[in-house]
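Open your viewer and show the chain as a cartoon. Keep the selection box ready. We will go stop by stop.

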Amino acid sequence: MDRPDSDSEIERRAGGAEPAGFQKNVNTHFDSTVSYWDQVYREDDLQGRIYRHRQSAVLTYIDAAGLQPGSRVLEIGCGAGHLTMQLAERGLRVQAIDASPAMVELTAERAREKGFEQLVNVGAADVHALPFPAGDFQLVVAVGVLPWLHTPASAVREMARVLSDDGQVVLTADNGARLTSFTDPREILARTPLRGLYHRLRKRPGVAMSRLDFPRRIDRLVREGGLRTIERRTVGFGPMSFLGKPMLDERRGMRIDDRLQRLADRGVPALKWTGWHYVLRARKP
């Protein structure tokens, strides 16, 4: 399976009106790229490396939540099930959901192969209207979900609703302030007052694009959803492109990513909030 068309704004080719049509587009996209999302975490290129770095940051936040084995966890957007297996290996009881039937099937198959049937339950569900009672989970995890939602604010409120008192959320967003957005003139144009025209020109019938969000917007969604941020960071500095073409070979791109990530982790102001992915841990007050 070929990779999605773009790392920053992945297009999904299916018809329909929003929001129901938008969700149909998303499901069609992920059903058709399931093998890509299964393989990307194993790839040795820079993109695969950054996805693994994001997952490592998420797992660090999950471990920091201090959950006991047997705690109930809701994983939203389980995808190919790689993170699901990591949660089960920690002895957590995982309710994994995805809107894509193909992703649900793949995660369920992976759980059976790993012998985690007693710890992992997988099903289809819409994050905007979660089919679970209030306070049902001690942790909610949503990795790579927010960029694909038609109404992220309602989704965050749903995450907060199903959390138990003092429960925690770990989520990620694609960062509108990421450094890679400022190396390509097309990406720069999308962040000027002409961005509306830019997106209208790119949009075609039956095509929807994933969204980039600045960290301050995600912070606001979390706050207005009834959650309190505990810690946050960004990860991933690449691949750099110019007019859609790679600026660096993989080896050089990885070296630069390593150096910039170290500086970002040290809190260097110009880099701290300009990684590809925004990762956040929050608590239900």
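In this tour Lys and Arg count as positive, while Asp and Glu count as negative. The model you see is predicted.

**Stop 1: a charged patch.** Select Arg 251, Arg 252, Arg 255, Arg 259, Arg 262 and Arg 266. Together they form a positive patch on the surface. Now pick out Arg 262 on its own. Arg 262 sits in helix α10, which covers residues 250–265.

**Stop 2: a nonpolar patch.** Select Phe 242, Met 247 and Leu 248. These three make a nonpolar surface patch, with about 270 Å² of accessible area together. Zoom in on Phe 242. It belongs to strand β9, residues 241–242. Its relative accessibility is 43%, so Phe 242 counts as partly exposed.

**Stop 3: an enclosed strand.** Select residues 72–76, which are strand β2. Is this strand largely enclosed or open? Four of its five residues are buried, so β2 is largely enclosed by the rest of the structure. Add residues 93–98, strand β3. The two strands run parallel, and five bridges join them. Find Ile 76, then look across to β3: Ile 97 stands opposite.

**Stop 4: a salt-bridge network.** The structure holds 12 salt bridges. Select Asp 38, Arg 42 and Arg 110, which are linked in a network of salt bridges. Start with Asp 38 and Arg 42. Their closest N and O atoms are 3.5 Å apart. Next, measure from Asp 38 to Arg 110. Here the closest N and O atoms are 3.0 Å apart. Asp 38 lies in helix α2 (residues 34–39) and Arg 110 in helix α5 (residues 101–114), so this pair ties together parts that are 72 residues apart in sequence. Both Asp 38 and Arg 110 are buried. Arg 42 is partly exposed, at 42% relative accessibility.

**Stop 5: another salt bridge.** Select Arg 90 and Asp 63. Their side chains meet in a salt bridge, 2.7 Å from N to O. What does this pair tie together? Arg 90 is in the loop between α4 (82–89) and β3, and Asp 63 is in helix α3, so the pair ties parts that are 27 residues apart in sequence. Arg 90 is partly exposed, with a relative accessible area of 30%. Asp 63 is partly exposed too, at 45%.

**Stop 6: across the sequence.** Stay with helix α3, residues 46–64, and select Ser 56 in it. Ser 56 is partly exposed, at 39% relative accessible area. Now add Val 235. The two residues are 179 apart in sequence, yet 10.0 Å apart in space, C-alpha to C-alpha.

Key: Residues numbered from 1 in each chain as written. Predicted model: local features only at pLDDT ≥ 70, side-chain atom pairs only at ≥ 80, totals over all residues. Heavy atoms only, no water. Patch = residues over 30% accessible without salt bridge, like charges linked within 9 Å, V, L, I, M, F, W, Y side chains within 5 Å. Areas by Shrake-Rupley, 256 points an atom, 1.4 Å probe, with all protein chains shown as cover. Salt bridge = Lys/Arg side-chain N within 4 Å of Asp/Glu carboxyl O. Charge placed at Lys NZ, Arg CZ, Asp CG, Glu CD. Buried < 20%, exposed > 50% of the residue type's maximum accessible area, 1.4 Å probe, protein only. Pairing = 2+ DSSP bridges.
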